[in-house]
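Here are some short exercises to work through with the coordinates open beside you. Try each task before reading its solution.

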Amino acid sequence: MTTMAVRTRVVAPQRDTGSQKALRERNIRMVVATLRAQGPRTQAALARATGLSTGTVSSIVRELETTGLVATASTISSGRRSVEVRLAPDPRVVVGVDIGRTHMRMLGWDAGRRAWGEQLVQLAPGHEPFETLPLAAEMLDGLLHEHHVDRSRVLCCGVALPASLEPVTGRVVQASVLPNWAGVDLGEALRDALGVPVVLENDANLGALAHYGAGQHAGAHSLVYVKVATGVGVGLSFDGSLYRSTTGITGEIGHVPVVDNGELCYCGNRGCLETLVSTRRLVGDLRRTRPERTWDVPEVVRAAQDGDVMVNRLLYDAGVALGLALAPVCNLLSPDDVVLGGPLAAGGQALLEGMVATVRQRALPATTGRTDFALTDLGETAEVQGACLLALQASLRSGDVLVSN
Ligand SMILES: [Zn+2]
């Protein structure tokens, strides 16, 4: 979906009623949509195309011009002097940052959700905020410099983390994947380091948001995103809004017990889903049983794609365990879409099949009768795309109105 989203500042006078404001916004949308569909137009042509009066069009054009969204030029049309209006490229940008256990990815978007730059660095497992935040600042400087983007154009930075974050403050409540980050007031630390407004969110939540915003699941009413990586997390999106709790902890499906008296989990419980399903577990099992090969996540993906029977069997079994924890979620929510993402997704067909077979077996058939179960179509950039989208949403909330078509 390439919905062009542009913004205009609402300068509604006090006396405006809600309905007058809504009418004005609708008229602005019509003008912007006409310019986008038909290209540059004179004010008179815009009035004819939208059915608005020339006075209304001219007032809207003045307002859009002050916010830099349109540009005007004098022209001669049918032998008469007139004003031609064209959409100006929106100079504002957002940046998404995805910080994982062993990577940091940065993505720049313009206000129309078009990517203009991306960077990826590998991080040492166990990295700490005091090392990673200055590196993030350095990466942001590099990204902006490389693409000639002035920092003043950055509306907001969205940051994805494999951790539970307290709403408002951004304090890391729980971070099993990034143990050295627990308890850090990350909102303030990131704002200081990056020098731009920052919004933070759990990475699985942002995966859900990204799929709502783009790809084959775009616009899904209810979407469950399952991220299988070092841990297992779930993000829930309802009509593009994320489900958030007051504690900041949601989607902890990795700690749903799926085996009675199973292996001890680091959370203190036994038989949690994460004791059976994670890249750590999968790679560990393969290193132990097939030491002749050098196993890591990309190697597992390659083997799965090559049809390695044992690897696909392990992935299928992991999918079955996922399905055990996901079936009650499906009974509870009856979601339209369940999307499986994370670094295994590229070779994750067997993982998906095991999960779907188990959910179909254990959930009420009617709850999943219309559910589309799929591997992510956004690859490993889902979380960072979600971070960009969150940054756009956050900046659009602060006193501006979204004008889109
Ligand atoms: Zn656990």
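The exercises below go through strands, helices and one single residue.

The model is predicted: local features need pLDDT of at least 70, side-chain atom pairs count only at pLDDT 80 or more, and totals for chains, interfaces and linings use all residues. Residues are numbered from 1 along each chain as its sequence is written. Helices (H or I, at least four residues) and strands (E, at least two) are DSSP runs numbered from the N terminus.

**Exercise 1. Find the neighbours of strand β8 and decide how enclosed β8 is.**

Step 1: Start with burial, where a residue is buried if 20 or more other C-beta atoms lie within 10 Å of its own, exposed if 12 or fewer, and partly exposed in between, with C-beta atoms placed from the backbone. Eight of the eight residues of β8 (residues 154–161) are buried, so the rest of the structure largely encloses this strand.

Step 2: Look for partners; two strands pair if DSSP finds at least two bridges between them. Strand β5 (residues 93–99) runs parallel to β8 and is joined to it by six bridges. Strand β11 (residues 198–202) also runs parallel to β8, through five bridges.

Step 3: Pick out V159 of β8, which has V97 opposite it and also stands opposite L200 in β11.

**Exercise 2. Trace the open sheet that contains β12, and identify its edges.**

Step 1: Write down the order, which is β14-β13-β12-β15-β16, five strands with mixed pairing. The edges are β14 (241–242) and β16 (372–375); each has a single partner strand, so one side of each lacks a neighbour in the sheet.

Step 2: Follow β12 (residues 222–228) to β15 (residues 337–341): the two run parallel with five bridges, and V224 stands opposite V338.

Step 3: Turn to the other partner. Seven bridges pair β12 with β13 in the antiparallel sense, and the two strands form a hairpin with three residues between them. Six of the seven residues of β13 (residues 232–238) are buried.

Step 4: Finish at β14, which pairs with β13 in the antiparallel sense over two bridges. S237 is the bridge partner of L223 and stands opposite L242 in β14. The hairpin of β13 and β14 has two residues between the strands, and D239 there takes a positive phi near 50°.

**Exercise 3. Describe how helices α9 and α10 pack.**

Step 1: Two packed helices are described by the angle between their axes and the distance between the axes. The axes here are lines fitted to C-alpha atoms over the stretch in contact, and angles run from 0 to 180 degrees between N-to-C directions.

Step 2: For α9 (residues 297–305) and α10 (residues 309–333), the angle is about 105° and the axes are 8 Å apart. The two helices are therefore roughly perpendicular (65 to 115 degrees).

Step 3: Check contacts, meaning C-beta atoms, placed from the backbone, within 7 Å. V300, A303 and A304 in α9 meet V311, N312 and L315 in α10.

**Exercise 4. Is N331 buried or partly exposed, and which residues outside its sequence neighbourhood does N331 contact?**

Step 1: N331 lies in helix α10. With 15 other C-beta atoms within 10 Å, N331 is partly exposed.

Step 2: Leaving aside neighbours within four places in sequence, N331 is in contact with A363, L364 and T367.

Step 3: As a distance check, the C-alpha atoms of N331 and L352 are separated by 18 Å, with their positions 21 residues apart along the chain.

Methods
Angles under 35 degrees count as roughly parallel, over 145 as roughly antiparallel, 65 to 115 as roughly perpendicular and the rest as oblique. Two residues are in contact if their C-beta atoms, placed from the backbone, lie within 7 Å.
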